[in-house]
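Welcome to a short guided tour. Open your viewer, get ready to select residues by number, and follow along stop by stop.

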Amino acid sequence: MARTLHVQALDWDPRLNEPMDGASEGGALEGADVEVAADTLYRAEKAIGNVTYDAAELEFYRYAGGQHRFDLAVQFNPGRARRPFSPKQCPVCLATIRKMGAQHYVCIGINGRPYVMLANIFPVMPGALVIVSAEHLSQDLNEYPERAREIVLRKCFSDMVALAKALPDHVVIFNGRLAGASLAHLHFQAFRLPEGYGPLALQRASGNGEVRWIGFDQDYPLAVHCANGAADGVIADSVEVASVWRTVQGAAASANVIAIAAASGVSLYFVARNGLFRVGLLGAAHGAIEAAGLAICSSVEDRARIRSGEVTFELLWRNLSFVRPAAAAAWRERCEG
Ligand SMILES: [Zn+2]
């Protein structure tokens, strides 16, 4: 199957001791598609020791949902605690990446817009990628002028959908400000699910996108709009619900967005978030991965709580529902009205 994203060039810094396999002189990865580029990038990062642990080897704990159609899960990921928070300089601006010369990157074009693809060296899932806009744009969609906001939303969703279609075995996510984003620079992430793990709780709860809304009838702990089908319709529907969410929730509006290739086209899940709701019992933040049903924890204290049996499906459900915005019902009413 043809992957439609265009890989423009593949660069490495001469200070990195290993150029990427498969790259021709000058760095161009000729004729490659985005899957090949992602694999090449990962192998190169592993070869120079940038990837220090394998996300496929991490401990997972599953909690059966009983009458619910899905399980919730916890991952113990001690390596993730080492990731840097709030660095002084934007760590993913291309100028910084080039100056530091510490990681490989691939330049790709998505819907004609330039992005830079990096390996996530503190992964939660196998093959985790960070895809950042080539220009330093804000991850906080509230920061764009009102007249530009819908255009930015449309571009983000279109690019996520294109990426999901180009990487059909990956899950593509976007975390809004105060909803799990740890970079201020506009970015998406993409990853594979470990063998035997998927589908995500979010996919199971929505019948893989057949149910339009979940989380309004004790069927999921968070309020989610699920769009499924051909790309154009999915993007248009999602832009609309996201715009309504901004109107209903105002400046505190945030979201987790998840795009996954589906037999019918693509599924796009919009999880409504209020940036002021950030309580978390396990782990520091709730991002898209948590919203999809997987809590990440890194501390030995959390691991002891898992092993003692203190962590249950009910606790994980409650933990997620803490960040379910009170305005969710008004949001759905307005979207359907
Ligand atoms: Zn930046």
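Start by selecting W331: this residue is buried, with a relative accessible area of 0% (buried means under 20% relative accessible area, exposed over 50%, partly exposed in between, using a 1.4 Å probe and protein chains only). Before moving on, note that this is a predicted model, where local features need pLDDT of at least 70, side-chain atom pairs count only at pLDDT 80 or more, and totals for chains, interfaces and linings use all residues. Residues are numbered from 1 along each chain as its sequence is written, and side-chain values use heavy atoms, with hydrogens and water left out.

Now add F270, which is buried too, with a relative accessible area of 4%. What does F270 touch, leaving aside residues up to four places away in sequence? Among its contacts (heavy atoms within 4.5 Å) are F157, H225, W245, N256 and W331.

Next, show the core. A nonpolar core is a set of buried Ala, Val, Leu, Ile, Met, Phe, Trp, Tyr and Cys residues joined through side-chain atoms within 4.5 Å. The largest one has 98 residues, and M117, F270 and W331 touch the most other members. Its largest share, 10 residues, comes from helix 3 (residues 146-166); helices (H or I, at least four residues) and strands (E, at least two) are DSSP runs, numbered from the N terminus.

Colour the aromatic rings now. Rings of Phe, Tyr and Trp (its six-membered ring) pair if their centres lie within 6.5 Å; planes under 30 degrees apart count as stacked, over 60 as edge-to-face and the rest as tilted. That rule gives 12 aromatic pairs. Select Y115 and F188: their ring centres are 5.7 Å apart and their planes at 35°, so this pair is tilted. Y115 belongs to strand 5 (residues 113-119) and F188 to strand 8 (residues 187-191), so the pair ties together parts 73 residues apart in sequence. Ring pairs also link F157, W213, F216, W245, F270 and W331 into a cluster.

Last stop: the zinc ion. Which atoms coordinate the zinc ion? They are C90 (SG), C93 (SG), H136 (ND1) and H185 (ND1), at 2.0 to 2.2 Å. Donors are N, O and S atoms within 2.8 Å of the metal (3.2 Å for Na, K and Ca); water is not among the atoms, so sites may look incomplete. Finish by comparing two donor residues: C93 counts as buried at 18% relative accessibility, while H136 counts as partly exposed at 42%.
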